[in-house]
Amino acid sequence: MNIEVEKYLNNACIWLPTRKLKARTRRELSEHIEDISDEYTNMGFTRSEAELFALNDMGNPNRLNAELRRTHRKLLWLVRIRNLAIAVIVIFGLPMLPNETEKFTDGAPLEEIEAKIAEADYSFWSNPVFDKAPAELLYEYVNEDGKVYRVYRSSVGNIYLAESVKAFGINFKNRFYCNTFQPMESDDNGNFTFIRSSEQGVSIYIGIGVPNNSKKYIRAEIITLKPSGEERDGVEYIALPDKPCVLELSRGGNEYSYFKSIDFCDENKVITESIK
Amino acid sequence: MAKKDTMRGNTGLLVLALIAKEDMYGYQIIKELKARSKNVFELQEGSLYPVLHTLEESGLVTSYIADTESARKRRYYKITDKGIRELEQMKQEFDTFTVAARRVLSFA
């Protein structure tokens, strides 16, 4: 398509209220320009000359755009109101979501909690669990950014990790996303030395709990897929801190990478070392 | 070309009258308008679309995509029942207006 035609269509359809309307109008105008261009081409003009004449016949694109926007002003206002409503819900809605006392109480049936947690597991961190759920709170950790991590154990012994929601730089301390976790090491007293989980695509391992004196490092085996398709293996050693903590080890960015395995080790290595 | 002021306000009526005869797409409407008015009514071609969209938003026409004679796909406009009723009313109003206008002008 002639660049002038492209420019014309861009100017004529800019700021129309919805993508669908924009696409439809753009296509309709483009077809009309095509029809006029055919007429000029049949008169003996070259295609690019014909397209320029066609644009002239179509009229000023900015005026056309103003008329189209006036025509669809009702829709434009509806879209504006919808966007405003979404913004209001996002900004003010999150902190106003029901807190623990409204949703789960000490007397809430366990099935309810289990169902909620199971649902959360399937919807990839999208559902909350709340304080005071009948599930037993085993561990709580607040990191330097104010993010809260909790470990719950249900009466049937399943372990869940709840992670507080952070949005727009605000920590919502009574809103948690949860997922089931399998502890790598734990004892009957609820001391977890390491708990892990994974999300689709990118693996995330999170360590929680009391460091084991005999295990000073985490050895993470990482597979990185380069954009070229080349696969690279790497190993990182991460030192376990002296006190209870949460370690979030995530992979992402331009390269797709994931954890192949993750283990404790005793090697007296430097804090982080990558082996290519 | 008819002066803009003469056409203003009546474009919807003219376009609706054409679509009432048969389903048409934009370019076809412009050509028909020009041919039937013996080149008196010539719209800036782009300005037809706000008119068509207004008619569609008001429920007087609907649109659909179909092949043209040249096998190209085009968006056709079709008059609705509401459009037919509205067209009749607009025609009557227009007739009343033109009769009244002629009476006034006959004094000049």
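A salt bridge is taken here as a side-chain nitrogen of Lys or Arg lying within 4 Å of a carboxyl oxygen of Asp or Glu, and helices are DSSP runs of H or I with at least four residues, numbered from the N terminus. The views below are drawn from a predicted model.

**View 1. A salt bridge in helix α5 of chain B joins Lys91(B) and Glu88(B).** The closest N and O atoms of Lys91(B) and Glu88(B) are 3.9 Å apart, a distance that falls within the 4 Å cut-off. Both residues belong to helix α5, which covers residues 81-105 of chain B, and because they are 3 residues apart in that helix, about one helical turn separates them. Lys91(B) has a relative accessibility of 36% and so counts as partly exposed, and Glu88(B), at 40%, is likewise classed as partly exposed.

**View 2. Asp67(B) is paired with Lys73(B) in a salt bridge of chain B.** Here the closest N and O atoms are 3.1 Å apart. The relative accessibility of Asp67(B) is 44%, which places this residue in the partly exposed class, while Lys73(B), with a relative accessible area of 45%, is also partly exposed.

**View 3. A salt bridge between Arg72(B) and Asp38(A) crosses from one chain to the other.** The closest N and O atoms of this pair are 2.3 Å apart in the predicted model. On the chain B side, Arg72(B) sits in the loop between β2 (61-67) and β3 (73-79), whereas on the chain A side Asp38(A) is part of helix α2, residues 19-42. Arg72(B) is partly exposed, because its relative accessibility of 27% lies between the limits of 20% for buried and 50% for exposed residues.

**View 4. Residues of chains A and B are linked in a network of salt bridges.** From chain A the network takes in Glu34(A), Asp35(A), Asp38(A), Arg47(A) and Glu51(A), and from chain B it takes in Arg72(B) and Arg74(B). The Arg72(B) and Asp38(A) pair of the preceding view therefore has both of its residues in this network. Over all chains, the structure holds 16 salt bridges.

**View 5. Chain A, with 7 helices and 13 strands, gives the wider setting for Asp38(A).** Of the 276 residues in chain A, 42% are buried. Among the contacts in this chain between residues at least 6 apart in sequence, 55% join residues at least 24 apart. The accessible surface of chain A comes to about 15900 Å², and carbon and sulfur atoms account for 51% of that area.

Methods
Residues are numbered from 1 along each chain as its sequence is written. Chains are lettered from A and ligands numbered from 1 in the order in which they are written. This is a predicted model: local features need pLDDT of at least 70, side-chain atom pairs count only at pLDDT 80 or more; totals for chains, interfaces and linings use all residues. Side-chain values use heavy atoms; hydrogens and water are left out. Helices (H or I, at least four residues) and strands (E, at least two) are DSSP runs, numbered from the N terminus. Buried means under 20% relative accessible area, exposed over 50%, partly exposed in between (1.4 Å probe, protein chains only). Contact means heavy atoms within 4.5 Å. Accessible areas come from the Shrake-Rupley method with a 1.4 Å probe; for residues, only the protein chains shown count as cover.
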